[in-house]
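Student: I'd like a close look at how one pair of helices meets in this protein. After that, please walk me on through the sheets and one residue of interest.

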Amino acid sequence: MDSGQLNSVSSVERERRSVVIVTAMGLEAEAVTCHLRNLDEVCSASGVVYDCGRFDGGLVQWNVAVAECGIGNAAATHIVHDAVNYLDPDVVLFVGVAGGLKDVDLGDVVVSTKIYGYHAGKAADSFEVRPILEWANTGLEQRARAVCRRKSWIGRIEPRDELPPKQLSAFVGPTAAGEQVVASEKSETYRFLQQNFGDALCVEMEGYGFLSAARFCSTSARVIRGISDFCDDRKSDRDAEGWQPRATANAAAFAVELLFHHQPPASVFHKAMEVPAREAGMQQQTHSPKNREARTEYSIEELKAAIERPAKNLLSREVGPAAWIPRDVERELQRIVGVDKNRLVCVLGSPGSGKTALLAKFSHECVDHGFATLAIKADLTATGVTFEESLKSQCAVDIPVLDAIAIIANENPVIVIIDQLDALAGLVDLHSDRLNEVLSFIDRCVAIPNVWIVCSCREFEYEHDVRFTVLEPQVVSLQLPAWDQVVVQLERNGLQNCNEWPESFRDILRTPQHLSVFLQQYQETGNADVSQSYQHMLDDLWTRSINTGDRREFVYKFTEPLTRSESLWAPAARFEADGAAIDDLISAHVLTRDGLQIGFRHQTLLEHARARLFAKSDESLCQHVLDRQDAILVRPTLWSVLAYLREANPKKYEQELDGLFSSKLRLHVRYLLLDFLGQQRQPTEGEVVHVASRLNDEEDRGRALAAVQGNEAWFRELKGTQLPAAMQWPAESLWPMVLVLRGAWTFCRDDCLSLIERYWLTDSSRDNVIIQALMGLSQWNERAVDIVCRLVPRTEPERHWWVESLAKNVSDDKPDLAPRIVKEALSHSLTRDGVRWTPMVGQRSGVNSGMDSVAGEAPKGPRRRPPVTGKGCACPVSVPARDPRHFINFFVLGSPLA
C-alpha cells in the first residue's frame, strides 16, 4: 500500500457521514433507534422532530436521524424534502412493514428496485391502468444484493425472536405503493394488483412518494420493508400474533447492516448533521487542553512497539515444551501466514480444548520471527468505551490503531491475534455493540494488505451467534488430542499403565483443561483416582485451593455480580476493601489480575463457582435462565450448574429440570437443555422421561433426536419405543432419524438394520432415507447388502447415482460382497433394455466384455452392442474395488471367490 492509498483509507475511516431514516409508524422508528447510541433530539424549522444518534459502520461513522412521517405517500414526500433541506444527508432510507404479494414469507425483508404508483390511470367506462413508476437509484442496489446473500443482517435483529434465523430471507425486487390498506384477497384492489403488477413482491403506502422526493432532491435512497401479512383476511390475526414488530425489527436490522457495509462516494463539501449536544460535550471533554498533547508522527519502530504492548496478556500464558501437546492446527496456522489467499483464520474448539494456549504459543512464534504482532484477549476489552478506543488506550498511541497497522504493513507483515471472541458473543443482551465493534475491526484489518488475522472462538457460540457470518474466515478446527498423546504427558508425570484406565475416564482426560486439573491434583495429593468425573476433579481442586472460610466467602461474593452482569471480569476498584483476599487467591492460582480488572484464572473455574453458588443457595436456576434467555452466555451457566447439581444434589437437579421443561423457554434454550441431556452417558429415569416427551412434540422432536445421536446409552434406552415411533414420521421429517442410525452403526448395527427392515424397507417412499443411512455404514454384512439389493429394482437406472458409492464402501470393507450390488444394478438396467444378464463362464464376447478392463486388460473379440453404462447406471468398471478378483470371478464364473 503506497502512502497515497494509506492516507485515503485513513481519512475515510475517520469520516462522518449522515443518513436520514424515515418510518411511517412509531414502532418502526423505535426498531431503528434501538441500534443507535448517544440518542438525542433535534427539531427542524418546519417542526419535524428527528431522533438523532450514532451508528458505527465498517469504514464510516454514521450520524443517523430518524423521523416518523405518518401514513401515505404525501406524508413521506414532505419528510424527505424537510430532511434534505435541513440535514443534507448522504443517504435517505425508508424502513417499515408491507403486505406480501408473491414469493415472500412472514418476516422476510424486501428491498425495492422500483415502486409502482398503482392508483394512476384513466377512469373511463372501466378503469384503464396507466401506472407511474419510481426507480431506486443504483448506488445501493449492489450492496443490498450482497447483504441479502450473506444473511449477516439476521444477527442484528433486535429484540431476538423465537423464529429460527435461517428461516428468514431477503429479496431485492419490485414493490407497489398506493393509498389503501389491502386487507383481503377478495378485495378489488388485491385482484387489481395481481392482474396488473404481477412482479411486485409486496404492497405498501409510502414508498412511491418517498422515492419521488429523493429523486427530486438528487439523494441516494432505498426502501426496505419487512413482511408483516399477506394482504388476506388474516391480517388482523397476523397483527395480533405480533408480526408487525417482528417484520419491523427485521427491516431495521437489514437497514443497519446495509449502512455498516456502505461507503458513500467522497463529498466535495463536508456533509454531516450537527452532533447531538450530549455527545458534543463528550468530545469536547476528550480533546480538552487537560489531555496530553496529541502526537501524529511515529516511527515504524515506535508503532511496532505500541501495537505489541497488549500482547502481554497472551504472551504471559506459556506452556513449557515438556507439557505441550502438538496439534495439526499449529502447522495450518504456520502455513497460512504469508499466503495472501486466506488472511483471516478462526480457530474453533470446545471449552478447555486449548485455544488460548495455542494462540499464546503462536504469538510467541510470531514475535520470535520478527513479525509485528498485535495479540489481544477479547474478554479483556473495556466496557463503557468503544473497542478501538480501548485498543488505542492499551497501545498508548494518539492515532487510530488501524492507521498504525496500515503504516507498519506498508513495510512489514503484521499479525493480529484475537483470542476468545466467544466471550463477547455471550454478552449479546448487555453489550451487543462490543462484538460488532470487534468484527468491524477485523473486517477493516482484512482490507489492509500484508495483514493476517487469527482469532479463536468456542464452537457453540460461533455456530449460534449469526453475527459471525460476516467474517467469512477460513475455519480450522482444534481437535482434542489423541489418547496416545495424552499418555505421553501422563507418563512424564510418573503415571503408568494408563491404557488400562476406564475408557470413560480416558475420554475426560483428552480435553487439555481436564488433563491439567487432573495432573495438578495428582502432583499435590499423589492420588490418581481414575473413577472420578470432571466435576469431582473440579470439586477436589476447589476443596484444596479455596480451603479457608475467608477464601470461600470472597469467591462467592465475587461470583455473584459476575453472574448477574453476565461478565467475566470486574473492576478491581469494586473490591478494594478485599485486597488481601484477592492477593491470596491470586497466589493460589484461582484469580488473576489484568491491569485494573480481576477475573478467574480460567473460565471453567468461574463456571464451577457459579454452579456451587446455585447448589448452596435457594436461588432457582430455572428463574435465573428465564430472566436471561436472550443471553448466549446462559449456555455455560445452564450446563455447568446442571452438571454439578446432577452429581452433587440429584433431587434439586430433577426439580430444576422439571421447572425448565415446564416453563415457556425460548427455542434456543430448550435446544440447549436437549443438547445437555443428549451428552449424558448414563441417562436417569427423569432424563429419559423428558427426552421422550420432547420426541412426542412436533416442534422439538427433530432436535431431540439430533441431541442423542452417537450416544450408545441413549440409543439403547430409546430403541424399544421412541425410535420405532420416529421411524414412522412423515418422510420429509426423517432426516434426524437418519443421523441417529448413522451414529449408531458402530455399536448397534443389527438393531439399526432391524429398524430399517421393519419400518422403512416395506415402503418405497422411504428408499432415499435408507440410502442416506447406509451411506454411513463402514462395516458391512450380507444382511445390509440384501437391503441394498432390494432397493435397486425399485429405482430407475437413471437414478442409480448411489449404487456406485455404496458398492465402493462395501468393497473397501467386504470385497466379496460388493459384486452382488453391481450385478443387481446391471441386471436391472439390461432387463429394462430387453437384455438378460448371465455369467460369462469364460467367454470374452457379448455385453460383459467390459469386465476385462477390471482385470487391467483391453476387451477382445467382437461387440454386439456398446458397453452398458446408461445415464447414471453403475457400470462395474467404474467401481474402484480394493480386490478386483472378486468382481472378475463373480461376473465371469457367477460366484465369488471361495
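Tutor: A helix crossing is called right-handed if the near helix is turned clockwise from the far one by less than a right angle, and left-handed if anticlockwise. This is a predicted model, where local features need pLDDT of at least 70 and side-chain atom pairs pLDDT 80 or more, while totals for chains, interfaces and linings use all residues. Residues are numbered from 1 along each chain as written, and side-chain values use heavy atoms without hydrogens or water.

Let's start with your helix pair. Helix α2, residues 26-33, passes helix α8, residues 243-261, in a right-handed crossing. Their axes (lines fitted to C-alpha atoms, for helices over the stretch in contact) come within 9 Å. The crossing angle is roughly 40 degrees, on a scale of 0 to 180 degrees between N-to-C directions. On the α2 side, the contact (heavy atoms within 4.5 Å) is made by L27, E28, A31 and V32. Facing them from α8 are Q244, P245, T248, A249 and A252.

Stepping back, the protein has 39 helices (DSSP H or I runs of at least four residues) and 20 strands (E runs of at least two), numbered from the N terminus. Of its 898 residues, 54% are buried (under 20% relative accessible area, 1.4 Å probe, protein chains only). Among contacts between residues at least 6 apart in sequence, 76% join residues at least 24 apart.

Strand β1, residues 16-23, shows what burial looks like along a strand. Seven of its eight residues are buried, so β1 is largely enclosed by the rest of the structure. Strands count as paired if DSSP finds at least two bridges between them. β1 pairs in the parallel sense with β4, residues 61-68, over eight bridges, and again in the parallel sense with β5, residues 91-100, over four bridges. V20 is a handy residue to find here: in β4 it stands opposite A65, and in β5 it stands opposite V92.

Further along the chain is an open sheet of five strands with parallel pairing, in the order β14-β15-β16-β13-β17. β14 (372-377) and β17 (474-477) are its edge strands, each pairing on one side only. Ignoring direction, neighbouring strands are turned by 15 degrees against each other on average. Four bridges join β17 to β13, residues 344-349, and one to look for links V345 with Q474 of β17. Helix α15, residues 401-409, lies across β14, β15 (414-419) and β16 (451-458), and runs at about 140 degrees to β15.

K355, in helix α13 (residues 355-368), is worth a pause. With 9% relative accessibility, K355 counts as buried. Beyond its neighbours within four places in sequence, K355 is in contact with V347, L348, G349, S350, D419, S456, C457, R458 and L478.

Finally, three strands form an open sheet with antiparallel pairing, in the order β18-β20-β19. β18 (569-571) and β19 (591-594) are at the edges with a single partner strand each, so one side of each has no neighbour in the sheet. The twist from one strand to the next averages 30 degrees. β19 and β20, residues 597-600, are joined by four bridges, and T592 has G599 of β20 as its bridge partner. Across β19 and β20 lies helix α24, residues 579-587, which runs at about 110 degrees to β19.

Note on methods:
Buried means under 20% relative accessible area, exposed over 50%, partly exposed in between (1.4 Å probe, protein chains only).
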